[in-house]
Amino acid sequence: PPGIYAEYGYTFYDVGNYQQAVQYFEKEAALWPESRYFMNKMIVNAKAQGKRATENTSTSKQAIGEEK
């Protein structure tokens, strides 16, 4: 049914698994074109959150001397 992949994707988004969330948002957009506008917004947000999470992890490791 419409929205099932969006809901599943949001579950991944909510727990911080942004890469998996993007995959399900893309499936929703492909199967239900009327959701494409909203799914594209969610994809952009998920990618931005994933990038921030990666940067924060890298910065944290540098701060404690694990990574250079």
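Visitor: Is Ser 35 buried or exposed?
Guide: Happy to start there, keeping in mind that this is a predicted model. Ser 35 lies in the loop between H2 and helix H3 (36–63). Buried means under 20% relative accessible area. With a relative accessible area of 15%, Ser 35 is therefore buried.

Visitor: Which residues does Ser 35 touch, not counting residues up to four places away in sequence?
Guide: Good follow-up, since the partners sit in the helix that comes before this loop. Helix H2 covers residues 18–31, and its buried residues include Glu 28 and Ala 29. Leaving out residues up to four places away in sequence, Ser 35 touches Glu 28 and Ala 29.

Visitor: How many Å does helix H2 reach from its first C-alpha to its last?
Guide: Helix H2 has 14 residues. At 1.5 Å a residue, the expected value is 20 Å. The reach in the model is close to that, at 20 Å.

Visitor: Let's move to the aromatic rings. What kind of aromatic pair do Tyr 8 and Phe 12 form?
Guide: The structure holds six aromatic pairs, and a pair of rings is described by the distance of the centres and the angle of the planes. For Tyr 8 and Phe 12, the centres are 5.0 Å apart and the planes make an angle of 70 degrees. Planes over 60 degrees apart count as edge-to-face, so the pair of Tyr 8 and Phe 12 is edge-to-face.

Visitor: Why are Tyr 8 and Phe 12 separated by about one helical turn?
Guide: An α-helix has 3.6 residues a turn, so residues three or four places apart point the same way. Tyr 8 and Phe 12 are about one helical turn apart because they are four residues apart in helix H1.

Visitor: Is Tyr 8 buried, partly exposed or exposed, given its relative accessible area?
Guide: Its pair partner Phe 12 counts as buried, at 18% relative accessibility. Tyr 8 has a relative accessible area of 42%. The range between 20% and 50% is called partly exposed, so Tyr 8 is partly exposed.

Visitor: Which helix holds Tyr 24, the residue that pairs with Tyr 8 and links distant parts of the chain?
Guide: Tyr 8 and Tyr 24 form an edge-to-face pair, with 4.6 Å centre to centre and 85 degrees between the planes. The two are 16 residues apart, and Tyr 8 is in helix H1. Tyr 24 is buried, with a relative accessible area of 14%, and it lies in helix H2.

Note on methods: Residues are numbered from 1 along each chain as its sequence is written. This is a predicted model: local features need pLDDT of at least 70, side-chain atom pairs count only at pLDDT 80 or more; totals for chains, interfaces and linings use all residues. Side-chain values use heavy atoms; hydrogens and water are left out. The expected span of a helix is 1.5 Å times one less than its number of residues. Buried means under 20% relative accessible area, exposed over 50%, partly exposed in between (1.4 Å probe, protein chains only). Contact means heavy atoms within 4.5 Å. Rings of Phe, Tyr and Trp (its six-membered ring) pair if their centres lie within 6.5 Å; planes under 30 degrees apart count as stacked, over 60 as edge-to-face and the rest as tilted.
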